[in-house]
Amino acid sequence: MPHPARLTALPSPVRNPFTAAWPLASTVSDRDRGPLPHGSPAEVLRRTAEVLGEPRVPSTGVGESAALDLIAGLLEENGIDLSHPHAAAHLQPPVLQVAVDADALASASNASMDTYDSGPATLAIEQWVVKALAGLAGFGPEADGVLTPGGSISNLLAVLIARDNAAAVAGVDVRRNGLRGLDHPVVFCSELAHFSVQRACAALGLGEEAAITIASDEDFRMRTDVLADELAKPGRTPIAVIATAGTTDFGSVDPIAPIAELARRYGAWVHVDAAYGFGALFSERLAPLLADLSQADSVTLDLHKIGWQPAATSVLLVADRNRFSALGRSVDYLNPADDIDSGLDGLLGRSLQTTRRPDAVKVATTLTAYGRAGLGTMLDTCHELAHAAAARVVADSNLELLAPVTLTTVLFRVAGKRLEAAAADALQGEVRRRLLTSGRVLIGRTKIPAGRGGPAVVALKLTLLNPNATATDIEDLLDQVVATGLDVLADPTGAARRGRKLDGEGAA
């Protein structure tokens, strides 16, 4: 393997000088194809499986080149192309080519983050990345953090640390004796918080019902008056209050400062799930949304959302590095005490993992290559696209905007005039399915909860994270949404045969 060129700080923003576009990676070269392969899920999966052949480990291989060609062909023909401008379903962006190249370096090293002798350079790289991101969050020099396999695991670690902190205050050794002695421990979060909060409570022995959800206001932000009432209820031990900075569907940001003030009155840990929203700090325009982030005790962020990194690249930041003591562990064959005293320790005590790949390599490379200004320009482009999409929706009588734009998501629906509520909901699902199986357009769907003067409704969703997409691309995408909606309305029997009436007489 040739020695890679040394990284140097580059002026930012840096674009591909030949195309004036951001250099994004893709496994699909056919620009005439849409973001997904054509066909039903069953057809696409069958085509892929048939090429792979009988599911068994072969007795002899076909060789490296043939094997790579085989898998590359499957990704080309039947995979997803997130760099396509009509890929707008999830918080799953196209990735920067430089991050892919750096990730290959990380894989080639096969370093692990648990001990010094498993990868000294990568230890220093992760610590550099953590300190840089902690500084961006407004944390002081006592802050620390760790890279994790995803935002769900970052949230799990945060609730674990909060649980152990509450147990220590109550005089309970939760690591040895479990939850006995804690009086009805609970965690508070918005009704729009990510479902990983409930999963974390279940995994940590608290139970999903320990996650007390708080209603959101007309701007899809946690209501602090309801939180105050819930915190005041007796007979419970508030472990943590979790604010969301960038809800998955709306991009809304909970009022962090008032939430933190309320939480601390009751001795609760303050965690901010900024998996989506943290990237706003790259943008001078959007950074004020997270002005109070430094008031948190811990923060989750995902750079495989706003950050354009290959998945998974999540980070848990803590304001006080001593809070990681709940995860501390000295193991004779890894990090005995005398080796730790000699400086041979690694990051085993930051994670529930032992072997942990050096994901910070791609982050450090990207931050060095593009800087805050480059990443901020990418986000501002996506933010502007979202506003352009929302304006188009408002201007089109065939569409209906359902929520204001905060970050890069747009919630809307095809206007099912004269349709009953259930049939209008069914229309959205049918439109999305037809678009997906055509392969031409990839959009998301969700459900807006009841309230704000109306019932719960199914919504279509654009999640715009491709900085190379243009307003023309989004116009074309929405044109195809409208055309598909009109087709469904003109031929409701196709949906009705699948149990979804669209004629205004009800829906299954």
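Accessible areas are obtained here with the Shrake-Rupley method, using a 1.4 Å probe. On this basis, the accessible surface of the chain in this predicted model comes to about 22800 Å². Carbon and sulfur atoms account for 54% of that surface. Turning from the surface to the interior, 53% of the 508 residues are buried.

The overall build of the chain can be pictured next. Its secondary structure consists of 14 helices and 14 strands. With a radius of gyration of 24 Å, close to the 23 Å that the globule rule gives for 508 residues, the chain is as compact as a globular protein of that length. Along the principal axes, the C-alpha atoms fill a box of roughly 75 × 65 × 50 Å. Among the contacts in the chain with a separation of 6 or more, 73% join residues that lie 24 or more positions apart.

One pair of helices offers a helpful close-up. Two packed helices are described by the angle between their axes and the distance between the axes. For helix α8, residues 224–231, and helix α9, residues 256–265, the angle is about 10 degrees and the axes are 10 Å apart. Angles under 35 degrees count as roughly parallel, and α8 and α9 are therefore roughly parallel to each other. On the α8 side, the contact is made by Thr224, Leu227, Ala228 and Leu231; α9 contributes Pro258, Ile259, Leu262 and Ala263. Sorted by character, the residues of this contact comprise seven nonpolar, one polar and no charged.

Conventions:
Residues are numbered from 1 along each chain as its sequence is written. This is a predicted model: local features need pLDDT of at least 70, side-chain atom pairs count only at pLDDT 80 or more; totals for chains, interfaces and linings use all residues. Side-chain values use heavy atoms; hydrogens and water are left out. Axes are lines fitted to C-alpha atoms, for helices over the stretch in contact, and angles run from 0 to 180 degrees between N-to-C directions. Helices (H or I, at least four residues) and strands (E, at least two) are DSSP runs, numbered from the N terminus. Angles under 35 degrees count as roughly parallel, over 145 as roughly antiparallel, 65 to 115 as roughly perpendicular and the rest as oblique. Contact means heavy atoms within 4.5 Å. Ala, Val, Leu, Ile, Met, Phe, Trp, Tyr, Cys and Pro count as nonpolar, Asp, Glu, Lys and Arg as charged, and the others, Gly among them, as polar. The radius of gyration is taken over C-alpha atoms; the globule rule is 2.2 Å times the number of residues to the power 0.38. Buried means under 20% relative accessible area, exposed over 50%, partly exposed in between (1.4 Å probe, protein chains only).
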